[in-house]
Every structure is written in C-alpha cells, then in structure tokens.
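Visitor: Before I look at anything, please explain the terms you use and show me how each label follows from its cut-off.

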Amino acid sequence: MSTFDPLKEQLTLAAQEFGADTVSGILAGLVDDVDRALREELEIFPVCHHSPASALAMVRRLREKQPKVIYLELCEDLQPLLSELRNCRLPVAVQAFATDLDGFPKSWAPLSVVAPITEASAEYQAISYALETPGVELVLVDRSTDHVFQWAPKEEPKRTPGEEEAGLHGDAVGVEIGDLRPRFAELEQHLLHHGKVRHWSEWWDQYVEQPLSGADYDTYRQVMVLIGSLFRRLRPDGDDRLALDEDRERYMWTRMREHLAASGADPADCLYVCGAFHAASHVEQFGLRSTAPYEISPRTNTTWLYGLIPSSHSAIEAQFGLASGSVSIAAATWAKALARSGLTPFQLAGQKGTRKRAVKLPKPVPEVEVADRLTGFLSQPPILDELDQSELLGWCVDIVRLARRNGYLASTADAIAVFETSILLAGMRNRARPTPYDFQDAAVTCIEKDVVPGRRDVRRLCEILLGGDRVGEVGYDALPPLARNVYDRLAPLGLDLEKRTIQRALLDLNANPGLVPCSDLLWMLRYLLPHDAVRPIMGERRLGERSIQESWDLAFGKYQRAIIELGYEGVTVEQVLEQRLRRQVWDSKATAAVALAAVEDAELYLGSRRLADELGARAVELLASERSVDDAPEVLRRIRRLMAYYRASEPELPAWCEEFATAGYAHYCTLLPTAFVDDDTGVRQVAAMLGFLFSMESLALALGCDRAQLELAVQQSHPEAPAKVALLWAARTPLGLLSVGDLRSRCDELLGNPLVVPSFPQYIMGFVQAMEPVPALSGFVVEVISKAFGRLPDNVLLPWLPRLITTLRDQAGELMPALVREAGRTFPGSLAAVDAWTPPWTARPASPKAAPVAVASGPVAELLLGHPAACDAVAGLLGCEGQWRAPGTAAGADHGEVRALLSEHPEPALAVAGLLA
C-alpha cells in the first residue's frame with residue numbers, strides 16, 4: 001500500500017461528489033506523480049528558480065544528507081566556468097557565445113546563452129557545497145548550449161529586447177533552473193484574480209514562498225512536486241514546450257545513468273536537483289531502473305566560447321518575465337529568513353561582496369521512511385505572520401525620505417497614509433502582515449503624482465528601498481585574456497576601472513608621452529564598444545592629426561559585459577579590430593564605400609599599412625563589380641580624404657589608390673549616361689560621379705586613361721529631369737563643350753519662358769550640386785540664385801524656399817561654405833551700399849570712347865615697331881585688335897578738354913607744385 005493512498009482516495013471521493021470524472025483523474029494523477037517522484041531510487045530535489053524557499057530547503061538538505069554526487073539541471077558544457085564564480089560578485093551569468101556558425105543558419109549569428117546565478121538560489125547553494133566540500137562531485141546533466149539551438153524552432157530564436165535594464169544580458173537566450181509557472185493562461189488569470197494580486201511573482205510569494213520558508217524538507221519536497229505536476233497536467237493542447245521539456249528530461253536521465261555506470265557511485269549518496277516541473281516527469285527514461293533507450297544527437301561543428309558576464313536583478317526580471325523588483329524582494333526575504341532560522345548558507349571561498357562564513361557540517365542524519373505531509377499541508381489553513389509594525393514603519397519613513405530627495409513633496413502625513421494603506425491592502429488580500437508588494441502599491445497610491453518630478457518614480461524608489469537593483473561584477477581573475485590586457489594597459493591612468501561610476505581620464509600627451517599607448521587603446525575601444533562606455537570629451541583623431549591633450553569619460557564597470565564579449569573574438573584589441581575590419585569588407589553586402597571606411601579606420605586606429613593595402617585592394621574589386629552609384633558621394637568623400645593623407649605623409653600613393661583611380665574613372669564613365677536618365681539615381685549621386693571623374697582626371701590620365709571616355713560619356717547623356725539637365729550643362733563647361741556665356745544665355749531663356757518658370761527651382765538644385773564637380777561655377781550659381789529671387793513670381797518662389805533650405809542642408813551641406821564665401825565676395829558688405837550696388841552680371845552702359853593719345857617714342861617703341869611679330873602673337877592669344885602707329889603722332893591733337901579741366905580745378909596742380917618746390 002502506498003503512503004499516499006489515503007490522500008488519493010480522499011481526493012477521488014471529493015471529486016466524485018461533485019460529479020467531475022475528469023477532475024477525479026487529474027487529482028489522482030497529482031498524487032501518483034508525487035508518490036512516483038518520492039519512491040525513485042535517486043533522490044529528486046525539486047526547485048523553483050530564484051526562490052528563497054528552495055534555497056533554504058537546499059541548505060537544510062545538504063547539511064542533513066551530505067551527498068557525494070550532485071546532478072544539476074544546467075547546460076553540461078558550462079561546468080568548467082563554475083569554479084570562477086568565486087572571483088565574482090553575484091549576481092553574474094554564465095555565458096556561452098558563438099559567432100562562427102557551422103550547422104545553424106548564418107542569420108542566427110551571434111548565438112548567446114546565459115544562465116544567471118544569484119546567492120538566494122538553490123543552484124548556487126548546491127554549487128558552493130560541491131566546490132567547497134572535499135570528495136563531492138558536481139555534474140551538470142542538462143543538454144548542451146549547442147542542443148539549445150539544435151532543438152529550437154527552425155525560425156530565428158526569440159531574443160530579449162535590448163532595454164536599458166536588460167542590457168547586461170543583451171539579446172542572449174536565457175536558461176534557468178526550475179521554470180515554474182502555469183502554461184494555461186486561464187489558470188494563471190484565475191489564480192491572480194482570486195488571490196487579489198497583480199503578478200505571478202506576487203502570487204507565488206504569498207501562497208508558496210511564505211508557507212514553505214519554514215516548512216520541513218519532506219513537506220517542501222512533496223508540495224513542490226505537487227505544484228510541478230499540477231502545471232504539467234493543466235496545460236493547453238498542442239503545447240510545443242512540452243515536447244522540448246520531455247527531450248530535456250530524457251537527456252538528463254540518460255546522462256545520470258551514464259555517469260553512475262562509469263563512476264560506480266551509490267545512488268543513495270547522490271542528489272538530483274531539477275525544476276519541480278521535471279520532477280513530475282512522465283517520460284519512459286524516468287528513473288534509474290528504466291531501460292528505455294535514448295540516443296543523444298552529436299553537437300554541430302560550431303565553436304562555442306565560454307565566460308562570465310555581470311548580471312543584475314532587473315536583467316533577470318526582464319529576461320524571464322518576472323515582476324519588477326521581485327528578485328530584489330526575494331534577496332531581502334532570503335536575508336531575513338537566514339537571520340530568523342539561524343542557518344549558515346554555503347558560499348564559495350573568496351566570494352566578492354560577501355562576508356566570510358565558516359560552515360561546519362554536522363553528522364549526516366540517517367534516512368527515514370517518507371511520511372505523508374501533503375494531507376496536513378493541504379487540510380490546514382496557512383499560518384499568517386503577525387504584523388511587524390517596526391518593519392513597516394521603517395519602510396514608510398524611508399520611502400518618504402527617498403521621495404523628498406527625488407523631488408516629491410512628501411511629508412509625515414504621507415508616511416502615515418502609506419502605513420494605513422499597506423495594512424488595508426494586506427487585509428483585502430487575506431494577509432495579516434503586509435508584504436513588500438502591498439507596501440509598494442500603498443506608496444504609489446499615496447505619494448505618486450501626475451508628473452514624476454525626477455528620474456525615478458515611486459515604484460522605482462520602493463525597489464531601491466527594498467534592496468535595490470543589485471548589479472554583479474566579474475572579478476579580474478575570471479576575465480578573459482583580452483579584458484585583463486585592457487585593464488593592464490590602462491593602468492597608467494591611475495583609475496579604478498572596475499567601478500560602475502563614470503570616471504574622467506585626463507591625458508596630457510605632450511607632457512607625458514607614456515600615455516600615448518593608452519590614448520591609442522582608448523580610441524580602439526571607442527570604435528569597438530558602445531559609445532557610452534568610452535566617450536571622448538576633448539580631443540579627436542583624424543587622418544594626419546593627433547591631439548596633444550585628451551579627456552575621456554570611462555564607464556568600464558557598467559559595460560563590463562561588452563568588454564568580456566570582445567574577449568570571445570580574440571586575444572588582443574588589435575586582433576579583434578583587424579578581424580572586424582576584414583569581416584566588414586568581405587561581407588556579401590560590402591560596398592566600395594564600406595571598404596574605404598575600413599581602410600580609413602585601419603590607418604586611424606592600427607596604423608597598419610599592410611592591412612590598409614589589403615583592404616584597399618578589396619575596395620578596388622568592389623568598385624569594379626558595383627552596378628549602382630548610390631554610394632558615389634561617400635566614395636568620393638573618402639577617397640579624396642585618403643589620397644590627401646597619403647600625399648602629405650607618403651612619398652608616393654599606394655598602388656591600390658592608383659588602381660582605384662583608374663578603375664573608378666572607367667567605371668563611372670561607363671555608368672554616367674545611364675545614371676543621367678535613371679529616375680532612381682539622384683542628382684547628388686550623379687554630381688558625385690562627375691566630381692570623381694573631374695578630380696581624379698589628372699591622375700587617371702597620367703596612369704593611361706583616355707579623356708575621350710569622359711567626353712563621350714557626357715555627350716551620350718541625355719537627361720530629361722530639369723536638375724540633371726542643369727548638371728549636364730555645368731559638366732560640359734570644363735570640357736569646353738559649353739561656354740559660361742552660353743550657359744548664362746540658356747538660364748536667361750528659361751527665366752523668360754513662362755512655361756518653364758515653375759520648374760526653374762529644379763534647375764537651380766542641379767546647378768548647386770554642380771559645385772561638387774565644377775567648383776569654378778560657384779560665382780555663376782550665386783548669379784542664378786540671385787536672378788531667381790529677383791525674377792521668379794511669388795507663387796513659385798515661396799513654396800520652393802523651404803525645399804531649397806532642406807535640400808541644401810541634407811544634400812549639399814559640404815558645399816554651403818563655398819557658396820556663402822562666393823556670395824560674400826559678390827554682394828556688398830553693408831546695408832547702405834546695397835541701394836547703389838550693381839550686380840556684376842548686369843550689363844553696364846558703354847563708357848565713352850577714350851580719346852587716343854600720342855604714341856610715346858624711344859628705344860622701346862622703336863624695338864617693338866621693328867619686330868612686331870611677338871606683340872601680334874600675344875594680341876591674337878588675348879583676342880585684342882588694333883593697328884600700329886608711328887611714334888610721336890597724336891590721334892586728336894586738341895587738348896582743350898585737359899586745359900579746361902585744369903583751369904576749373906587748379907588745386908591738385910598747385911599742391912603738386914608746392915610739394916616739388
């Protein structure tokens with residue numbers, strides 16, 4: 001007869017009285033699952049993740065049983081990392097990371113799995129006991145991280161959004177020990193509604209955590225298996241997670257049987273720690289006596305990297321959908337339970353952030369026959385904790401103090417209101433002692449306003465008061481080699497880089513040249529890490545320029561995870577940066593602009609000519625294979641900057657620059673006619689193509705290109721869009737195909753044609769973009785814009801002005817300084833001079849013909865008259881016309897006008913005479 005047969009019979013009769021056969025089967029099945037788990041030869045310890053009750057029960061059971069082997073539900077390939085937990089401040093997360101995938105879709109990269117560990121968890125107590133107790137073996141038996149993704153759906157795995165609170169885990173897939181939550185949505189809503197609570201974490205704390213915190217081990221174990229069985233049986237049809245959980249259970253039981261067979265360990269000295277859901281397993285492989293086969297599939301060839309990253313209470317809550325503040329409340333509950341029970345928890349020697357506790361194990365308690373504890377637990381009402389007025393009063397006073405510090409106009413009356421409201425809410429929820437959740441709701445009700453005066457609202461202040469968001473830290477010895485190398489190389493700064501606060505680093509590179517390597521490293525980290533991790537306040541790095549003083553804001557403690565994950569990519573920062581640059585240019589979506597940016601970064605941060613030449617050669621290949629000119633402005637800007645740098649710092653241009661110039665000249669000449677007529681190609685892109693052709697023309701021609709290519713390309717271009725037509729006219733000017741006078745005449749004709757006037761602003765945009773390939777036309781662009789403002793009607797000009805401003809800002813920002821300078825030279829400098837100012841392009845009245853003067857005589861005149869060929873040739877080049885006259889002859893011998901002028905205004909002549917006298 002089974003120990004639980006009386007309870008099973010009692011529940012069956014109760015269900016039959018209600019006439020519910022289905023309920024009768026479920027209730028009987030629950031008792032059978034508990035009986036089966038407790039009768040198993042290998043002791044099963046059911047847990048719930050981050051549960052203080054589970055941690056307390058684990059401490060008690062480890063002290064009583066003192067097992068020699070502990071099987072833990074955690075990915076088996078994470079085991080080598082557990083010994084590094086002693087070098088960390090909890091909470092931290094054990095991480096597996098992979099970037100080079102072999103066997104998974106490339107779109108899934110990078111793959112990341114994290115398993116967060118807190119001090120108030122059963123798994124940490126088991127790990128600490130196993131690692132600190134001689135002769136105890138810890139074996140992780142859950143599927144590997146590779147199998148996590150092998151068994152995932154074929155679509156891309158779901159990832160956690162990158163919120164600020166969850167930023168410590170990023171988009172990693174979380175694994176946890178003891179996920180215990182109803183999978184039937186209606187069941188969860190029913191429990192929350194009748195429990196008068198808002199979130200599952202609050203229901204669990206009231207109806208499971210509090211009753212089991214002081215319960216004996218047998219009661220805890222039976223109740224947890226019962227809850228796991230309940231949630232397992234009450235699930236929706238077609239639950240895909242059940243098949244995955246059953247595969248995990250088969251995997252774990254297979255691994256445990258293999259280990260027992262290989263080690264010869266006695267099952268009586270072993271303990272299997274798993275989630276309560278898995279304790280009530282129904283798979284054929286359940287139990288050590290099962291002979292059902294299960295073949296474990298091999299891992300893929302993906303290379304996995306392992307490490308520890310910092311975690312936090314808020315990151316755990318965001319990762320696993322827990323109520324905000326629930327993990328902090330669990331930590332506070334764990335601390336109070338330890339103080340109340342007098343238990344000494346297990347901890348790793350040298351653990352950061354904890355005080356040293358000496359744990360002395362008593363003699364093991366002999367095993368006794370399992371008794372039925374479920375009947376008494378289910379039949380008696382829960383023991384309600386009495387009101388702890390001093391604790392609640394302390395919370396109320398402290399929350400008012402915190403609220404005032406954060407801008408709230410809170411007073412003693414608010415503290416009294418929070419106290420009374422907390423008791424009222426607890427009574428409404430069938431609790432005699434207000435829980436932190438009751439207190440939080442009461443504080444929000446009494447203190448919160450319509451507008452939050454500071455950065456934190458009252459709910460967040462309550463979380464801080466009740467324990468805060470504790471953030472873990474990975475110790476120096478547990479860091480990967482790259483992270484340790486970074487800390488060592490930045491040691492001359494004299495800063496404590498492990499702090500989570502922002503620290504200011506001041507570098508005087510002239511006075512202390514030894515800080516130059518630190519500056520170089522900071523610039524590389526600026527490129528690789530999130531921008532808030534390494535932020536320059538003063539100083540910049542450009543091609544050919546170096547700062548003499550720099551100031552940095554460093555937040556390495558806050559972004560420790562990002563630094564650790566760099567360690568998965570290489571041994572040094574330089575190696576990681578080089579790999580990333582190579583990966584960028586050899587990516588299937590790489591373009592010539594991306595490759596040129598990589599060349600610039602290689603010169604800026606690594607100073608590696610070898611790498612720059614390799615990336616530059618790749619840029620030439622990408623440019624020749626492109627069929628689009630969308631990146632032409634970026635290509636032009638970067639190649640100009642790189643060539644200017646090499647011309648200033650090197651005796652000659654690199655070979656790849658010359659190849660880029662010739663390949664680009666031929667490439668853009670080929671695509672130019674198509675780009676002019678293609679509606680999908682913008683004016684700015686065509687202008688950048690022409691800018692490349694004209695600015696690289698001299699170099700390309702010197703390297704063997706033919707200018708006829710460009711002339712043919714321009715002559716074969718026949719655009720229809722007004723802006724591109726204007727751009728084509730401007731491109732014909734430097735080629736000698738169109739003079740500036742003809743260009744001015746065409747614009748005047750457009751302004752004089754009423755049918756074309758509405759589209760004239762588009763011509764102007766083409767001329768503005770033409771300043772990129774033909775900078776000499778800046779004066780003409782000022783002239784065209786001035787004419788447009790003067791002659792266009794208001795119904796055309798006014799709607800166009802906003803578009804002109806936005807277009808100039810977005811597409812011609814780099815051209816505006818030249819345009820403004822030219823306008824400054826053209827227009828008068830004062831307001832008073834505007835009225836008398838005449839535009840230089842306006843036709844001036846013909847000046848009276850100057851009276852010919854007598855030709856001077858002398859040796860020079862005789863020489864020129866004797867050899868007129870040289871002067872005639874110069875006059876022909878300049879376009880001057882005239883006739884030769886003999887010296888001494890005067891054309892117009894009458895000097896009456898001069899005499900009359902001197903007679904009317906004798907003062908200048910008299911003044912000169914006075915000076916000469």
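Guide: A disulfide is a pair of cysteine sulfur atoms within 2.5 Å, and by that rule a search of the whole structure finds zero of them. Cys462 is in no disulfide, for the nearest cysteine sulfur, that of Cys396, is 9.6 Å away. This is a predicted model, in which local features need pLDDT of at least 70 and side-chain atom pairs count only at pLDDT 80 or more, while totals for chains, interfaces and linings use all residues. Residues are numbered from 1 along each chain as its sequence is written, and side-chain values use heavy atoms, with hydrogens and water left out.

Visitor: How do you know that the sulfur of Cys657 is too far for a bond?

Guide: The closest cysteine sulfur, in Cys705, lies 15 Å from that of Cys657, whereas the cut-off is 2.5 Å, and therefore the pair is not a disulfide.

Visitor: Why is Cys657 called buried?

Guide: A residue is buried under 20% relative accessible area, exposed over 50% and partly exposed in between, using a 1.4 Å probe and protein chains only. Cys657 has a value of 0%, so the residue counts as buried. Cys462 also has 0% and therefore earns the label too.

Visitor: How confident is the predictor, and what is the average pLDDT of the protein?

Guide: The pLDDT expresses the predictor's confidence in each residue on a scale from 0 to 100. The protein averages 84, and 91% of the residues score at least 70. Over residues 158–166, however, the pLDDT is below 50, although this stretch has 18 contacts (heavy atoms within 4.5 Å) beyond near neighbours in sequence in the model. Where pLDDT is low, the predicted coordinates should not be read in detail. Among the elements, which are DSSP runs numbered from the N terminus (helices, H or I, of at least four residues; strands, E, of at least two), strand β7 (residues 173–174) has the lowest mean pLDDT, 70, and helix α22 (residues 592–606) the highest, 94.

Visitor: What makes β11 and strand β13 a pair?

Guide: Two strands pair if DSSP finds at least two bridges between them. β11 and β13 (residues 549–554) share six bridges in the antiparallel sense, so the requirement is met. One of these bridges joins Gln503 to Leu554 in β13.

Visitor: Which side chains of strand β11 point to the buried face?

Guide: In β11 (residues 503–508), Gln503, Ala505 and Leu507 point to one face and are buried, whereas Arg504, Leu506 and Asp508 point to the other and are not. In a regular strand the side chains alternate between the two faces of the sheet.

Visitor: What makes the approach of Asp142 and Arg248 a salt bridge?

Guide: A salt bridge needs a side-chain nitrogen of Lys or Arg within 4 Å of a carboxyl oxygen of Asp or Glu. Between Asp142 and Arg248 the N to O distance is 2.7 Å, so the pair qualifies. Asp142 belongs to strand β6 (residues 137–142) and Arg248 to helix α9 (residues 240–263), so that the bridge links parts of the chain 106 residues apart. Asp142, at 2% relative accessibility, counts as buried, and Arg248, at 10%, is buried too.

Visitor: How do you know that Glu246 forms a salt bridge with Arg250?

Guide: Their closest N and O atoms are 3.9 Å apart, which is within the 4 Å limit, and therefore the label applies. Both residues lie in helix α9, four residues apart, about one turn of the helix. Glu246 is partly exposed because its relative accessibility is 21%, while Arg250, with 14%, is buried.

Visitor: Why is Arg489 called partly exposed?

Guide: Its relative accessibility is 27%, a value between the 20% and 50% limits, so Arg489 is partly exposed. Glu574, at 25%, is partly exposed as well. Arg489 and Glu574 form a salt bridge whose closest N and O atoms are 2.7 Å apart.

Visitor: Why is Lys787 called buried?

Guide: Lys787 has a relative accessible area of 14%, which is under 20%, so the label follows. This residue of helix α32 (residues 778–791) has a polar contact of 3.0 Å between its side chain and that of Asp748; such a contact is a pair of N or O atoms within 3.5 Å, where within protein one must be able to donate a hydrogen and the other to accept it, and residues adjacent in sequence count only if both atoms are side-chain atoms.
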